[in-house]
Amino acid sequence: MQFHVDGFYPGDPRFSDPQDRVVPPPIKRPLPEKVDVLIVGCGPAGLNLAAQLTKFAGIQVAIIDQKDDRLLVGQADGIACRTMEMFQAYGFADQIIQEAYQVNEAAFWKPDVDQPGHITRSSKVQDVADDLSEMPHLIINQARVHDMFLDVMRQNPGKVEPHYQRKLLELEVDPDAGDYPVTARIERLVNYSQYSQEIETVKARYVVGCDGARSNVRTAIGKELVGDALNQAWGVMDVLLNTDFPDIRLKSLIHSSHEGNMLIIPREGGYMVRIYIELDKLKAGERVARDQMTPEVLIAAANRILQPYSIDVKEVAWWSVYEIGQRITTAFDDSTDTRAARVFLAGDACHTHSPKAGQGLNTSVMDTWNLGWKLAHVLTGRADESILKTYSDERREYGQALIDFDREFSRMFSAKPRSAENPDGVDPEEFQRYFQLFGEYTAGVSIQYRPSIMVGEGQHQALAKGFTVGKRFHSAPVVRLADAKPVQLGHCHLADGAYRLYAFAGSAEPMSENCGVKALCEFLDRDERSPLRKHTPANAEQDAVIDVRAIFQPHHQTIETGSLHPLLTPEKGKYGLRDHEKVFTVDNRPSSSGGGMNIYEMRGIDREKGCILIVRPDQYVAEVLPLDDYAGVANFFSRVLLDA
């Protein structure tokens, strides 16, 4: 899509008249007196959490923010491949892809050896490696992501709208206070007279602080951010411009000899560009002189760095100045040795870092993507609250890894190029190698959670070498049996809190007496040890808690749908209509890169034996088991789920 050609206007670009993009503000209403979960902060972390929890009609959720209304002009803009996989689970990935700028290549620029005052291109590299993800790396206004989450919150059974103009004043946790142990005192920022102050009190089972680096929730539970500031200041601006710089529509990382460094990120719509500009290094303890900074100062700095090229800025849609610092909180929740957590932190409330690696929004939403379904399981009676401890265990380790990566990435990006005058500088080619080496990290697909009650030891990893236990489910193409439609298997994952159990068939004829998938279906359907029988509520759909799906190796035209076990075509809804989308076969078409798209070959699945793959609701592989390891299946789910 192309838009912004006549100027920047926030909102849905499908409306040609910018006035039609205006969304009416939510109706002013008081906060409820009691909720299951109170979310503080309407950033990406908070909205993602609300979107998950509203999937369950029985969970009462309230989300508050100090702002007057929804975000219109975003701060973050980079959407990693892993985040797009999550958006697919909500159903709005396609719309984001259509609107966004897709990052395909990155251009690297360094000082010209013959004319050090000028820059020259050193190389162009592929931004996302082949088969890293079925999803692209995208750039889009953070506000549009917020809009998508807000739509999901309205459409879900929970039907939640944010309460704006609310400031958290105090939090008190009383473990002996019964079902609602957390009391929040909240100031409503709309005063009816000059001297009035309206205070609302909300009691909650759980509170989640998604309220940024200056988090009131974090302060209330006695936690703090610790770490180092790098004493670096950067300016950022979204601009509509003309330029003779040849790579203006490519992600460009620019090192100049003496004028500082710059990062160019093309924005959605085909005309707008985001520019990150290095400002003078700060002295220890010094703050950015924001009152002395203007867009004109940033534009002049950009033109000095870009020599011999220049930019002619027509409009500045948004700009800001920030200081880089890498900090992480002392704890992600308020748990103690004697009681479980009641208050959690997520996003910038528990880790801060520079934006140039594009990890801010992406890490924040992955925090609450990890937490949301666990809270939902506890609140709906699916699991014991002991599972909530895994949130801090899993996310704090990754948060620290992010800090370490960002510190090195920022150091290399901000350092002067190595030269005879500056032998201690950074070789631009070394920076490029670092950029490529950590491609999986910046794409968000490198996380591997350690073994726990929710992640197996990987004893049978050899059965599916490409589905690493503890890492995210790496999707691959398959063909849906019922309608012969080529699909991505990972797109079976929905933001509905359900586990996925994939049965990859071995070499036996599908649904024959020797078929391991048929035998597994018999166990799951009839055996008293079956996790489906033990953990699925009587009034719920068969796949509400554990969604069973099968993948066979023969061509889809050789398998009759009538031969399938009834467990793979479950009756659903008030009419008992059969679900025909649970069974797949391999996709034997050649890929565009010349190889095949057979999921068994792509992901190293044992073609003779097959396997069982258990995937958590947040799309992480929990366990790989032999196709006949019924005890292993039952034992895994007994660890994480309560009997219905």
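Where is P308 found? Select P308 in this predicted model: the residue sits in the loop between helix 6 (295–305) and strand 15 (311–329). Now add Q307 to the selection. The peptide bond that joins Q307 and P308 is cis, with an omega of about 15°.

Next, go to a second loop. Select strand 18 (477–480) and strand 19 (485–488), and pick out A484 in the loop between them. A484 is a residue other than glycine, yet its phi is positive, near 60°.

**Helices**

Two packed helices are described by the angle between their axes and the distance between the axes. Keep both quantities in mind for the next three stops.

Select helix 1 (residues 44–53) and helix 7 (residues 360–379). Their axes come within 8 Å and cross at roughly 30°. Angles under 35 degrees count as roughly parallel, and helix 1 and helix 7 are therefore described as roughly parallel to each other. The crossing in which helix 1 passes helix 7 is right-handed.

Keep helix 7 on display and replace helix 1 with helix 2 (residues 81–90). How far apart are the axes of helix 2 and helix 7? The distance is 10 Å, and the two helices pack at an angle of about 50°. That angle makes helix 2 oblique to helix 7. Helix 2 passes helix 7 in a left-handed crossing.

Now hide helix 7, leave helix 2 in view and select helix 4 (residues 142–155). The axes of helix 2 and helix 4 come within 11 Å, crossing at roughly 30°. Helix 2 and helix 4 are therefore roughly parallel to each other. Their crossing is left-handed.

**Cavities**

How many cavities of 30 Å³ or more does the structure hold? There are seven. The largest cavity has a volume of about 80 Å³. To see what surrounds it, select R82, E85, Q88, E134, F473, S475, G490, H491, H493 and Q619, which line the largest cavity. Colour these lining residues by type: one is nonpolar, six are polar and three are charged.

Finally, colour the model by domain. Domain 1 consists of 34–89 + 141–224 + 330–400, and domain 3 covers 461–639. Why does the largest cavity lie between domain 1 and domain 3? Both domains give residues to its lining, so the cavity is placed between them. With the lining residues still selected, R82 and Q619 are two to pick out as the last stop.

Note on methods. Residues numbered from 1 in each chain as written. Predicted model: local features only at pLDDT ≥ 70, side-chain atom pairs only at ≥ 80, totals over all residues. Heavy atoms only, no water. 1 Å grid on protein atoms, 1.4 Å probe; cavity = no way out; pocket = protein on both sides within 12 Å on 5 of 7 lines; lining within 4 Å. Points joined across faces, edges and corners; volume = space filled by probe spheres on them. Nonpolar A, V, L, I, M, F, W, Y, C, P; charged D, E, K, R; others polar. Domains from an automatic or database assignment. Axes fitted to C-alpha atoms, helices over the stretch in contact; angles between N-to-C directions. Helix = DSSP H or I, 4+ residues; strand = E, 2+ residues; numbered from the N terminus. Parallel < 35°, antiparallel > 145°, perpendicular 65-115°, else oblique. Left-handed = near helix turned anticlockwise from the far one by under 90°.
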